[in-house]
Amino acid sequence: MPELHPLDRFKVVGGGSLRGDVAIQGAKNSVLKLMAVTLLAPGTSTIRNVPDIADVSMMAELLETLGCTISRDKAQKSIAIHVPEIPGHRAEYQLVRKLRASINVLGPLVARLKRAEVALPGGDAIGSRGLDFHTKGLVALGAEAHSEHGYIIASAPHGLKGATIELEFPSVGATENIMTAAVLASGTTILDNAAREPDIVDIGNFLIAMGADIEGLGSPTITIRGVSELTPAEHTAIPDRIVTGTWAFAAAMTRGDISIHGARAEHLELPLEKLVSAGAVITAIPDGIRVKMDKRPHAVDVATLPYPGFPTDLQPFVITLNAIADGDALVTENVFEGRFMFVNELLRLGAKIRVDGHHASISGIPQLSSAPVMASDIRAGAGLVLAGLVSDGITYVEGAFHVDRGYPNFAEQLQALGGDVVRVD
Ligand code: UD1
């Protein structure tokens, strides 16, 4: 088990601008799913551009419990996963509850083994996060699925059959599980109202490299023609657009200047537009983008929505930016109802925010006022560290392990940019 140091916290000294260079690693939400996808083919698949974050170790551990052999080369940022002819079919609660992306083994296991038992991950700090679209999709493909003693039990003794499925909401996880089941089904599956996130396209491209027949990736309708088997493949994960967005907002909030190498601006059109409206100057550099801000940001209204809308994972950063902006803003959360828990911590830093249902009204003030605060999830944790940088005095952010789940060496990267942030236990 990777060590998570639950008592570690960040000590953040406010003031100063973040200036310098950062390099973006592979996307967490892509790599974890790519790892689950390898289950679809016996043999060794290799994933490159793997970030050095705790969640990758947890997914590796889960795959090991299913009989896979993992060899990770942190220096080369690659992971080779050897999948046995017949992997295990049960993902235990002890691991699943720590890592939401574990649910992504469901589709591949049902497709390959015709049965799977995957623990229900439970709720978490950002909302209730149902799985009904995942199971309804598998049932439409001919599986039987029910939940029993905290596990989803799915079976398809006669194999899966292509079907037309329309999602009620373009869920990222459900799109992935249905796509990774349908690739080995007999016949054609048409998935309507599918999620369009770059992560989906990345996972689909890996499946195509393994021999799958998929069209329409990145559009609301994905067509999957089932094939009888897939073979192992190599794949380089896309860069992390949420980490990219985090640094872009960090530059804007701290009136800094950050060159973000490896960033793909086309995955972040709306967030970058919002930053420009806030007064940032964003320019292309040969391998990414540079975000520069030399004045107090203007307030910007944002509503989170599935891609290509504004990502819910960047919502804590736009709220923090608005908390110190010039003017009033309205931020609407349309994806995860629990995500405003983070606002209560910002209130401790003196932010002027009123929450009404899924709307947060924010009146910007020139500077926040340091206080001890608590991270409740990955993005809230990173948001609070940045909030500490735009506060007077010293802010302690409890729950540093949340941040480790998504940001490689966050404190060290902030130090390299001139931020006074250290980890203390
Ligand atoms: C993924 C990302 C998460 C990101 C989110 C939205 C991972 C590990 N996590 O989460 O960082 O914030 O996409 O971009 O990749 N829903 C249901 N029933 C279902 C499935 C979803 O009601 O069966 C609801 C959820 O409760 C939520 C909304 O749909 O309100 C979106 O969820 P979804 O897109 O599935 O997010 P995740 O895949 O869980």
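These legends walk you through close-up views of a predicted model of a protein chain with a ligand.

Residue numbers start from 1 along each chain as its sequence is written. Because this is a predicted model, local features need pLDDT of at least 70 and side-chain atom pairs count only at pLDDT 80 or more, while totals for chains, interfaces and linings use all residues; side-chain values use heavy atoms, with hydrogens and water left out.

**View 1. The protein chain is assigned two domains.** Domain 1 takes in 9–24 + 239–424, and domain 2 covers 28–236; these bounds come from an automatic or database domain assignment. Between the C-alpha centres of the two domains you will find 30 Å. Where they touch, domain 1 contributes 23 residues and domain 2 contributes 22 residues, contact meaning heavy atoms within 4.5 Å.

**View 2. Domain 1 and domain 2 bury about 1800 Å² between them.** Buried area here is the accessible area (1.4 Å probe) that two parts lose on being put together, summed over both. Carbon and sulfur atoms account for 56% of it. On the domain 1 side, look for Tyr307, Phe336 and Arg405: together they supply 32% of the area that domain 1 buries against domain 2, more than any other three residues.

**View 3. Two salt bridges link domain 1 and domain 2.** A salt bridge is a side-chain nitrogen of Lys or Arg within 4 Å of a carboxyl oxygen of Asp or Glu. Asp55 pairs with Arg405 in this way, with the closest N and O atoms 2.7 Å apart. Arg405 is also one of the three residues named for buried area in the previous view.

**View 4. The ligand has 19 residues around it.** Each of these has a heavy atom within 4 Å of the ligand, and the closest are Lys33, Asp132, Ser171, Asp313 and Val335. Ser171 places a side-chain N or O atom 2.6 Å from a ligand oxygen. The backbone joins in too: a backbone N or O atom of Val172 lies 2.8 Å from an oxygen atom of the ligand, and a polar backbone atom of Val335 is 2.5 Å from a ligand oxygen. The protein covers 87% of the 740 Å² of accessible area that the ligand has on its own, as found by the Shrake-Rupley method with a 1.4 Å probe.

Key: Polar contact = N/O pair within 3.5 Å; in protein donor to acceptor, adjacent residues only side chain to side chain.
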